[in-house]
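Trainee: I should like to work through this structure step by step, beginning with its strands. May I put my questions to you in turn?

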Amino acid sequence: MRFQVLHVINSGTYGTVCLARDRAGREVAIKVLNQEHLDNERVIMRLRDEAALLSRIDHPNIVKVHGCYEIYDRPFI
């Protein structure tokens, strides 16, 4: 598994943000799409678009996005 979830930071309408640890041992934040939106292709595409747009930004005050992944058919960034 690419990430180990440590705990939930906060949850909103579309996603839940969790503190996780990656394979290199770094702590990262992941945003996981909430269960009730898994059948909504429009919301899934919006999450993928968000990841694509944010991955192009390199600024010290904006979280660096490394990509959009999926585990157990549940997308997250």
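Trainee: Over how many bridges do E2 and E3 pair?

Mentor: Please bear in mind that the model is predicted. E2 covers residues 15–22 and E3 covers residues 27–33. The two strands pair in the antiparallel sense, and the number of bridges is seven.

Trainee: Which residue of E3 is the bridge partner of Val17?

Mentor: The partner has to be sought in E3, given the antiparallel pairing of E2 and E3. For Val17, the bridge partner is Lys31.

Trainee: In the hairpin of E2 and E3, which residue takes a positive phi?

Mentor: Four residues lie between the two strands of this hairpin. One residue there has a phi near 90°, and that residue is Gly25.

Trainee: Which residue of E2 is the bridge partner of Val8?

Mentor: Strand E1 comprises residues 3–11 and runs antiparallel to E2, with seven bridges joining them. E1 and E2 also form a hairpin, with three residues between them. Within E2, the bridge partner of Val8 is Cys18.

Trainee: Why is E2 described as largely enclosed by the rest of the structure?

Mentor: A residue is buried when its relative accessible area is under 20%. E2 has eight residues and is largely enclosed because the number of them that are buried is six.

Trainee: Which residue forms a salt bridge with Arg21, and is that residue buried or exposed?

Mentor: The side chain of Arg21 meets that of Glu27 in a salt bridge, at 3.5 Å from N to O. Arg21 has a relative accessible area of 31% and is therefore partly exposed. Its partner has a relative accessibility of 52%, and the cut-off for exposed is over 50%. The residue is thus Glu27, and its class is exposed.

Trainee: Which residue in helix H1 meets Lys31 in a salt bridge?

Mentor: The N to O distance in this salt bridge is 3.1 Å. The pair links distant parts of the chain, strand E3 and helix H1, 19 residues apart. Lys31 is partly exposed at 26% relative accessibility, and its partner is partly exposed at 27%. That partner is Glu50.

Trainee: How many residues apart in sequence are the parts tied together by Arg48 and Glu70?

Mentor: These residues form a salt bridge in which the closest N and O atoms are 3.3 Å apart. Arg48 lies in helix H1 and Glu70 in strand E4, so the pair ties together parts whose separation in sequence is 22 residues.

Trainee: How many salt bridges does the count come to?

Mentor: Among them are the pair of Glu27 and Arg21, the pair of Lys31 and Glu50 and the pair of Arg48 and Glu70. The count of salt bridges comes to four.

Trainee: Turning to the largest pocket, which element gives the most to its lining?

Mentor: The largest pocket has a volume of about 480 Å³. Of the 22 residues that line it, the closest to its centre are Val28, Ala29, Lys64, His66 and Ile77. E2, E3 and H1 each supply at least two residues of the lining. The element that gives the most, with five residues, is E3.

Trainee: How many residues in the lining of the largest pocket are charged?

Mentor: By class, the lining has 12 nonpolar and two polar residues. The number of charged residues is eight.

How values were computed: Residues are numbered from 1 along each chain as its sequence is written. This is a predicted model: local features need pLDDT of at least 70, side-chain atom pairs count only at pLDDT 80 or more; totals for chains, interfaces and linings use all residues. Side-chain values use heavy atoms; hydrogens and water are left out. On a 1 Å grid over the protein atoms alone, a cavity is a set of points where a 1.4 Å probe fits but cannot get out, and a pocket is an open set with protein on both sides within 12 Å along at least five of seven lines; lining residues have an atom within 4 Å of a point. Grid points are joined across faces, edges and corners, and a volume is the space filled by probe spheres set on the points. Ala, Val, Leu, Ile, Met, Phe, Trp, Tyr, Cys and Pro count as nonpolar, Asp, Glu, Lys and Arg as charged, and the others, Gly among them, as polar. Buried means under 20% relative accessible area, exposed over 50%, partly exposed in between (1.4 Å probe, protein chains only). Two strands pair if DSSP finds at least two bridges between them.
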